[in-house]
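User: Hi! Could you walk me through this structure? I'm new to this, so plain words please.
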Amino acid sequence: MKVKLEDIIEGIEMQSEENRAYLNLKTGGVVYVSLDELSMAEEEEDFETLPEWQQNELKLAIDIVENFEDYVSLRACIEINEYRMMENFCFSLKDNNKSEILLHSIKGKGAFRRFKDNAIRLGIVSKWYDYRNNCYKEIAREFCESNNINYID
C-alpha cells in the first residue's frame with residue numbers, strides 16, 4: 001500500500017490544538033478526531049445518548065485508542081514553523097528590494113497578514129505558495145520516510 005503525499009499534507013494542515021490527524025496504516029487514509037473524543041474513548045464513556053454523528057466519531061476515536069499500532073499520529077508535524085518558511089522564502093528571492101520589503105513585513109504583530117499583502121502587491125504571491133507547498137511536501141516526505149511509509153508523490 002502507498003499513501004498519497006497530498007493526503008499527508010492535508011492532514012498536517014488540518015490539525016489544530018483541538019483536533020488530531022492520524023494516518024491509518026491499514027487503509028492509507030488520514031482520519032481526524034477531536035481531543036474530546038479521544039478522552040471519551042480512553043475513559044470508555046457510554047456514548048449511546050450522543051447524536052449519531054458524534055457516535056461515529058467516537059467509534060473512530062475508540063478504534064484509534066484500542067488499535068494504536070494501526071495508526072500514526074501526524075501530531076509531530078504540527079510543529080511546522082511557517083514563520084521560518086516565510087523568512088527562508090525572503091532569503092531565496094533574487095530581487096533584493098522585494099526580499100527586504102518582505103523581511104521587514106514579517107517583524108512584529110500581524111506578520112503573516114503583512115507578508116501576504118506585500119507578496120500580493122509585489123506580484124510574487126504564487127511564488128510564495130509554490131515555495132510553501134514545496135516545504136510542506138518535504139515535511140510530508142520526511143514524515144513518511146521516518147515512519148517507513150511508502151508514498152506516492
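User: Great, let's start with E87. Leaving aside neighbours within four places in sequence, which residues is E87 in contact with?

Analyst: Happy to help! Once those sequence neighbours within four places are set aside, E87 is in contact with L103 and I106. Keep in mind that this is a predicted model.

User: Where is the place of E87?

Analyst: E87 is in helix α4, which covers residues 82-92.

User: And does E87 count as buried or exposed?

Analyst: E87 counts as buried, because its relative accessibility is 18% and the cut-off for buried is under 20%.

User: Cool. Switching to strands: how many residues of β3 are buried?

Analyst: In strand β3, residues 30-34, 4 of the 5 residues are buried, so to speak mostly covered.

User: In which sense do β2 and β3 pair?

Analyst: Strand β2 (residues 19-24) pairs with β3 in the antiparallel sense, over 5 bridges. As one example, L23 has V30 in β3 as its bridge partner.

User: What do β2 and β3 form, then?

Analyst: They form a hairpin, with 5 residues between the two strands. In the turn, G28 has a positive phi of about 80°.

User: Now helices. At what angle do α2 and α3 cross?

Analyst: The axes of α2 (residues 35-43) and α3 (residues 52-66) cross at roughly 65° and come within 8 Å. The crossing is right-handed.

User: Which residues make the contact?

Analyst: From α2, they are E37, L38, M40, A41 and E42. From α3, they are Q54, E57, L58, A61, I62, I64 and V65. By class, this contact has 8 nonpolar, 1 polar and 3 charged residues.

Terms used:
Residues are numbered from 1 along each chain as its sequence is written. This is a predicted model: local features need pLDDT of at least 70, side-chain atom pairs count only at pLDDT 80 or more; totals for chains, interfaces and linings use all residues. Side-chain values use heavy atoms; hydrogens and water are left out. Axes are lines fitted to C-alpha atoms, for helices over the stretch in contact, and angles run from 0 to 180 degrees between N-to-C directions. Helices (H or I, at least four residues) and strands (E, at least two) are DSSP runs, numbered from the N terminus. A crossing is left-handed if the near helix is turned anticlockwise from the far one by less than a right angle, and right-handed if clockwise. Contact means heavy atoms within 4.5 Å. Ala, Val, Leu, Ile, Met, Phe, Trp, Tyr, Cys and Pro count as nonpolar, Asp, Glu, Lys and Arg as charged, and the others, Gly among them, as polar. Buried means under 20% relative accessible area, exposed over 50%, partly exposed in between (1.4 Å probe, protein chains only). Two strands pair if DSSP finds at least two bridges between them.
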